[in-house]
Amino acid sequence: MLEQIFNAPSMHYLSRGMEAASLRQGVIANNIANVNTPEFKKSEVLFEDMLAQELMGPSKDKDGKLKMARTHEKHIGGPKAEKPFKAVPVVKKHTELTMRTDGNNVDIDEEMARLSQNQLYYQAMASSLSGYISDVKSVITSNG
């Protein structure tokens, strides 16, 4: 029973979001630390769009039409349903753009804004996860 509670999708997605935000914090810190390093190219973490794709699932084909899928072996017709896509954070290096003559492409104002945004994102995830765990705790300890 407890395994089902702690393996719930909401807890799973929140913890993966916090992991991505933690990785992003490190990447942004590295970008800021190298703001004056010649030829340094900034990086960013891609995760939220892939997570949205995972949540939507591969239900549409390339023309935007709903795909038919067989989700059980006793269903008639249609291809077997694909395994769900699992989004993982990916670090992407931006090599195509150079803003300065020294070859560095880090914009300190942009990085500071991304840092603030990521801190808010992480705090929101942590707050939601804490609320979920608090709710589970109150259900377990209730006398009802």
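## Helix H4 and Glu110

Glu110 is a residue of helix H4. The model you are looking at is a predicted one, so please read every value below as computed from that prediction. With a relative accessibility of 31%, Glu110 counts as partly exposed. Its partner across the fold is Ile32: the two C-alpha atoms are 9.9 Å apart in space, while 78 residues separate Glu110 from Ile32 in sequence.

H4 itself has 34 residues. At 1.5 Å a residue these should span 50 Å, and the end C-alpha atoms of H4 are 49 Å apart, which agrees. At the start of H4, Asp107 places a side-chain oxygen within 3.2 Å of the backbone nitrogen of Asp109.

## The chain as a whole

Stepping back, the protein chain holds four helices and two strands. Read from the N terminus, the order of elements is α-α-β-α-β-α. The chain has 144 residues, and 25% of them are buried.

## The buried side of H4

Which residues of H4 are buried? They are Glu111, Arg114, Leu115, Asn118, Met125, Leu129, Tyr132 and Val136. Here is a handy reminder for reading such a list: an α-helix has 3.6 residues a turn, so residues three or four places apart point the same way.

Asn118, another residue of H4, is a good one to pick out in the viewer. Asn118 has a relative accessible area of 2%, and because buried means under 20%, it falls in that class. The side chain of Asn118 also makes a polar contact, reaching the backbone oxygen of Ala21 at 2.9 Å.

## The largest nonpolar core

Eight residues form the largest nonpolar core: Ala8, Met11, Leu14, Met18, Met125, Leu129, Tyr132 and Val136. At least two residues of this core come from helix H2 (9-33), and at least two from helix H4 (108-141). Which helix gives the largest share? That is H4, with four residues.

The buried residues of H4 and this core can be viewed together: Met125, Leu129, Tyr132 and Val136 are among the buried residues of H4, and these four also belong to the core.

## H2 against H3

Two packed helices are described by the angle between their axes and the distance between the axes. For H2 and helix H3 (residues 48-56), the angle is about 165 degrees and the axes are 11 Å apart. Angles over 145 degrees count as roughly antiparallel, so H2 is roughly antiparallel to H3. The crossing in which H2 passes H3 is right-handed.

Glu48 belongs to H3. Is Glu48 buried, partly exposed or exposed? Its relative accessibility is 29%, so Glu48 counts as partly exposed. Along the chain, Glu48 and Pro89 are 41 residues apart, and 8.3 Å separates their C-alpha atoms.

## A backbone angle to check

Glu39 sits in the loop between H2 and strand S1 (43-46). What is its phi? Glu39 has a positive phi of about 70 degrees, although this residue is not a glycine. The relative accessible area of Glu39 is 55%, and since exposed means over 50%, Glu39 counts as exposed.

Key:
Residues are numbered from 1 along each chain as its sequence is written. This is a predicted model: local features need pLDDT of at least 70, side-chain atom pairs count only at pLDDT 80 or more; totals for chains, interfaces and linings use all residues. Side-chain values use heavy atoms; hydrogens and water are left out. A nonpolar core is a set of buried Ala, Val, Leu, Ile, Met, Phe, Trp, Tyr and Cys residues joined through side-chain atoms within 4.5 Å. Buried means under 20% relative accessible area, exposed over 50%, partly exposed in between (1.4 Å probe, protein chains only). The expected span of a helix is 1.5 Å times one less than its number of residues. A polar contact is a pair of N or O atoms within 3.5 Å; within protein, one must be able to donate a hydrogen and the other to accept it, and residues adjacent in sequence count only if both atoms are side-chain atoms. Axes are lines fitted to C-alpha atoms, for helices over the stretch in contact, and angles run from 0 to 180 degrees between N-to-C directions. Angles under 35 degrees count as roughly parallel, over 145 as roughly antiparallel, 65 to 115 as roughly perpendicular and the rest as oblique. A crossing is left-handed if the near helix is turned anticlockwise from the far one by less than a right angle, and right-handed if clockwise.
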